[in-house]
Amino acid sequence: MSNWYSESSPLERRTFWASFVGWALDALDVQMFGLAIPALIAAFGISKADAGLLGSITLFFGAFGGWIGGALGDRFGRVKALQITVATFALATFACAFAMTYTQLLILKAIQGLGFGAEWACGAVLMAEIIRPEHRGKALGSVQSAWAVGWGAAVLLSALVFTYAPADIAWRLLFALGLLPALLIIFIRRGLKEPPRSVAADKTPFFATLSGIFHRDVLRSTLIGGLFGIGAHGGYAALTTFLPTYLREVRHLSVLGSSGYLAVIIVAFFCGCVASGIISDRIGRRANVALFASACIITVLIYIFAPLTNGEMLVLGFPLGFFSAGIPASMAALFSELYPAGVRGTGVGFCYNFGRVVSAAFPFLVGFLSDHIGLGPAIGIDAAFAYSLVLIAVLMLPETRGKVFEQTAATRA
């Protein structure tokens, strides 16, 4: 695992850490919401469906943020676009701390979605273009593991804040803290270098870049990649948005107790991302995704529907987090290799984030179904269905492992 990093150039390493930290900060700000749902329901007097809508609106606008952010990177440069996106999601998260009504919070969550969707598209493509092909899966899998780092930081902050502060104040403090780490990324990204872009890219109208992914040469990749994104994000959103609530209200765990269960899943998610990157470079993108998607369906159903004790749930939390990580960890490398340079950012941003448009319905559906069949069954059914879509989509995509990008050799100096 360490070989790819030791073989990397200084620029490749700087790019890796910039992308890693950026994605970790994204996760920190976004995951705070799921952990604050019970407090938000009490503070604004809303239903679980209303709380689910807050998560859905973030995913929905994240889809457009990813598409637009990827196109901005194609047209104006990856690093420039990256800096703007970090400021957007950090400031929006901070502003959530001062929301006085449900409507205000809804608007701010939409703006946050625009920023975090765009950040991933810019950072993932930048890393994909800088790193050498034989290490692309490992590097991008490791970048994706940063989500677990940010998620873990959010859980720790949540446990501390909700333990020592009243709930009606704690959720505001949590969102306010989302601004502080993002300040570091400005300094980290000063050492990055823009990958070479063609003269044609500088002259292409922005809207032509946005629509370029629907050209007949890449249309099939765009449609199937969108289906892949729906399943990947739908499963993740259905599982994680209400998981803290499920552990506390259904399994009757305390804040600190539920944090322990989440810690197991988060550590497993980190390991799953790294493992997926290694396996992807070894057996190929398609086989890797099929393996993780199949295992994820089985594990989710057991975790939610089997009559498990709290101790057994703790043990099963590791494979749940591990297998659910393998799918998003493979997406950046796979999607980057499906598109040519002129629309690579747009294509990656669209495929990864288009799934957010449809998957935005999954948290809302979980909240709605929970009123009829219970929270656990609602989570399990939605997540298993979504991961089945991933399995179908990946079987229709070509194998792209080891693809050499245009004009990338000079970027590794």
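## A walk through the helix pairs

Start by selecting helix α2 (residues 10-44) together with helix α4 (residues 78-96): they pack at an angle of about 20 degrees, and their axes are 10 Å apart. Since angles under 35 degrees count as roughly parallel, α2 is roughly parallel to α4. Keep in mind as you click around that this is a predicted model.

Tilt the view until one of the two helices lies over the other, and look at the handedness: α2 and α4 make a left-handed crossing. Now show side chains. On the α2 side, pick Gly22, Leu25, Asp26 and Asp29; on the α4 side, pick Phe89, Ala90 and Thr93. Colour that α2–α4 contact by class and you should get 3 nonpolar, 2 polar and 2 charged residues. As for the spacing of such picks along a chain, an α-helix has 3.6 residues a turn, so residues three or four places apart point the same way.

Next stop: helix α15 (residues 285-305) and helix α19 (residues 375-394). Their axes cross at roughly 165 degrees and come within 9 Å. Do they run roughly parallel or roughly antiparallel? With over 145 degrees as the cut-off, α15 and α19 are roughly antiparallel to each other. The crossing of α15 with α19 is left-handed.

Select the contact residues here too. From α15, these include Arg286, Val289, Ala293, Cys296, Ile297, Val300 and Ile304. Facing them from α19, you'll find Ile379, Ala383, Tyr387, Val390 and Leu391, among others. By class, the α15–α19 contact comes to 18 nonpolar, 4 polar and 1 charged residues.

Now zoom in on helix α16, residues 310-336. Put a distance label between its end C-alpha atoms and it should read 41 Å; at 1.5 Å a residue, the 27 residues should span 39 Å, so the two agree. While you're there, centre on Leu316: α16 has a kink of about 30 degrees at that residue, shortly before the proline Pro319.

Last pair: select helix α17 (residues 344-359) and helix α18 (residues 361-373). Their axes come within 6 Å and cross at roughly 30 degrees, which makes α17 roughly parallel to α18. Which residues make the contact? Highlight Val357, Val358 and Ser359 on α17, then Ala361, Phe362 and Pro363 on α18. A class colouring of the α17–α18 contact gives 5 nonpolar, 1 polar and no charged residues.

Note on methods: Residues numbered from 1 in each chain as written. Predicted model: local features only at pLDDT ≥ 70, side-chain atom pairs only at ≥ 80, totals over all residues. Heavy atoms only, no water. Helix = DSSP H or I, 4+ residues; strand = E, 2+ residues; numbered from the N terminus. Expected span 1.5 Å × (residues − 1). Bend = angle between axes of the 7 residues up to and from the residue. Axes fitted to C-alpha atoms, helices over the stretch in contact; angles between N-to-C directions. Parallel < 35°, antiparallel > 145°, perpendicular 65-115°, else oblique. Left-handed = near helix turned anticlockwise from the far one by under 90°. Contact = heavy atoms within 4.5 Å. Nonpolar A, V, L, I, M, F, W, Y, C, P; charged D, E, K, R; others polar.
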